[in-house]
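Student: Could you take me through one part of this model in detail? I would like a close look at the place where its two domains meet, followed by whatever can be said about the ligand.

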Amino acid sequence: MKDRFDVLILGGGASGLAAAVEAARRGSRVGVLEKLDRVGKKILATGNGRCNLLNLHACGADYNDPAFAQTVLDRFGVQSDLDFFHSLGLLTAADDAGRVYPRSYAASSVLDVLRLECTRLGVTLLCGQAAASLAKTADGFLVNDTYTARALIVACGGKAASVHGTDGSGYALLRAFGHTITPLRPALVQIRTKPDLVRALKGLRVHAALRLTADGVEHSAQGEILFTEYGLSGIAVMDVSRYAAEGATARLDLLPEMTAEALTDFLRAIRDRDGSRPLEQFLTGVVHSRIGQAVLRDTLHEKLSVPCIALSDQQLRTVAHALKALSFPVLGTKGYADAQVTAGGAATREFTSSLESRLQSGLFAAGEILDVDAKCGGYNLTFAWSSGRLAGCGAADYAAKYKG
Ligand SMILES: Cc1cc2nc3c(=O)[nH]c(=O)nc-3n(C[C@H](O)[C@H](O)[C@H](O)COP(=O)(O)OP(=O)(O)OC[C@H]3O[C@@H](n4cnc5c(N)ncnc54)[C@H](O)[C@@H]3O)c2cc1C
């Protein structure tokens, strides 16, 4: 005897659990098939364990596919997602950038309220079982030759951070029904650069503007940047990382609030006032001393023990420009293992506005498996909840229509 469900959800992550709650609230008999031994393990790792679950300002324009993301957010927008979590008993708090966290600042609160609601609604969690085979039957779908369902939601995530269960196996499930998977690449990931300069700066954090030039196109972001053994990290770096490949160049403007001219004037004033100051100390008070020394060494090739009065006006301009365009040749990224998100995925044009497949009725997809992703700040989880809830409603309605 096969286990029968109205709605079976493949993947018990953010979008899968949100889908399960909505489908069950609509009266469906719901099952969630999860590859790992517990559902929602990735949720626990999000936001450094605090789970930045939403962004109050999220709108279509924040995503790689603005029109499609907006269609989803028009149905279940951020306020609706907030209400959803409040209905689960979760208190939330938002910061000045609109990033929403559980008020407990513990990601486990988010997962726990979802699991409690699944239990209350009688959702069957089938853990430790990967969805490996799907077949269409006369009245629905057969999964792993064991479970039948009238409607299926593929919510297996992407292939970033496979330690949390996302190994990319969901793509094959959708491909089997003819779906197109657009080219995949790691996103929200650290960038590897030529090691010489970053190693000297290892461990330092700066607030800077970042310009990444790849294939002649410039991508920019601003915020905290961390120098590491292998390259660059931090939110601004992660936000442009999808474009990082060998041959690209990352340039940091360490003082974006000043023009090069204003900075040159400032440096000239230091030189003219305190000409005996050794070059080594020339940028003390402008940037971190280790950065200052590295920039001076890199640009002037002078002995750092000479007094700064030796600097010509032209050299002052060169230093100012170097501080505004510290250059790092890119070697690539840290790859899927360290990435937070996968860019690319199931082609959105092949899904309706209720996230049902245009190629196979009764088949739905939600979350990161779709070709939808965004920058850091709660936008990716916003899409996971919103798309999961939308697919959950659509699948429940589909199952109800074809029942009996
Ligand atoms: C370290 C880290 C921190 C992050 N922090 C944030 C943050 O603070 N804010 C934010 O907005 N986003 C964050 N993200 C991104 C966010 O977690 C994801 O975009 C989001 O979880 C995607 O939801 P999903 O439901 O599509 O997939 P997931 O949450 O990845 O869930 C997919 C589930 O499917 C399961 N699965 C996979 N294949 C199969 C299969 N064949 N059969 C059965 N089950 C399967 C997996 O085990 C997993 O449980 C972070 C990501 C990482 C890795």
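Tutor: Between domain 1 and domain 2 an area of about 450 Å² is buried, and carbon and sulfur atoms give 49% of it. The size of an interface is often expressed in this way, as the accessible area lost when the parts come together. On the side of domain 1, the residues that lose the most area to domain 2 are R185, K375 and C376, which together make up 71% of what that side buries. These values belong to a predicted model, and they depend on how the chain is divided: domain 1 is made of residues 3–185 together with 342–402, while domain 2 covers 190–334. The contact itself draws six residues from domain 1 and four residues from domain 2, and the centres of domain 1 and domain 2, taken over C-alpha atoms, are 41 Å apart.

Turning to the polar side of this interface, three residue pairs are in polar contact between domain 1 and domain 2, counting pairs in which both residues have pLDDT 80 or more. When the residues with which domain 1 touches domain 2 are sorted by class, three are nonpolar, three are charged and none is polar. One salt bridge is found across the interface of domain 1 and domain 2. R242 and D373 form a salt bridge in which the closest N and O atoms are 2.2 Å apart; by the numbering of the domains, R242 falls within domain 2 and D373 within domain 1.

The ligand can be described in a similar way, beginning with its surroundings: there are 34 residues around the ligand, and those that come nearest are S15, E34, K42, E368 and L381. For E34, a side-chain N or O atom is 2.6 Å from an oxygen atom of the ligand, and for E368 a polar side-chain atom lies 2.7 Å from a ligand oxygen atom. At G47 the backbone takes part instead, with a polar backbone atom 2.9 Å from an oxygen atom of the ligand. Taken alone, the ligand exposes 990 Å², and the protein buries 94% of that area.

Definitions and conventions:
Residues numbered from 1 in each chain as written. Predicted model: local features only at pLDDT ≥ 70, side-chain atom pairs only at ≥ 80, totals over all residues. Heavy atoms only, no water. Domains from an automatic or database assignment. Contact = heavy atoms within 4.5 Å. Buried area = accessible area lost by both parts, 1.4 Å probe. Salt bridge = Lys/Arg side-chain N within 4 Å of Asp/Glu carboxyl O. Polar contact = N/O pair within 3.5 Å; in protein donor to acceptor, adjacent residues only side chain to side chain. Nonpolar A, V, L, I, M, F, W, Y, C, P; charged D, E, K, R; others polar. Near = heavy atom within 4 Å. Areas by Shrake-Rupley, 256 points an atom, 1.4 Å probe, with all protein chains shown as cover.
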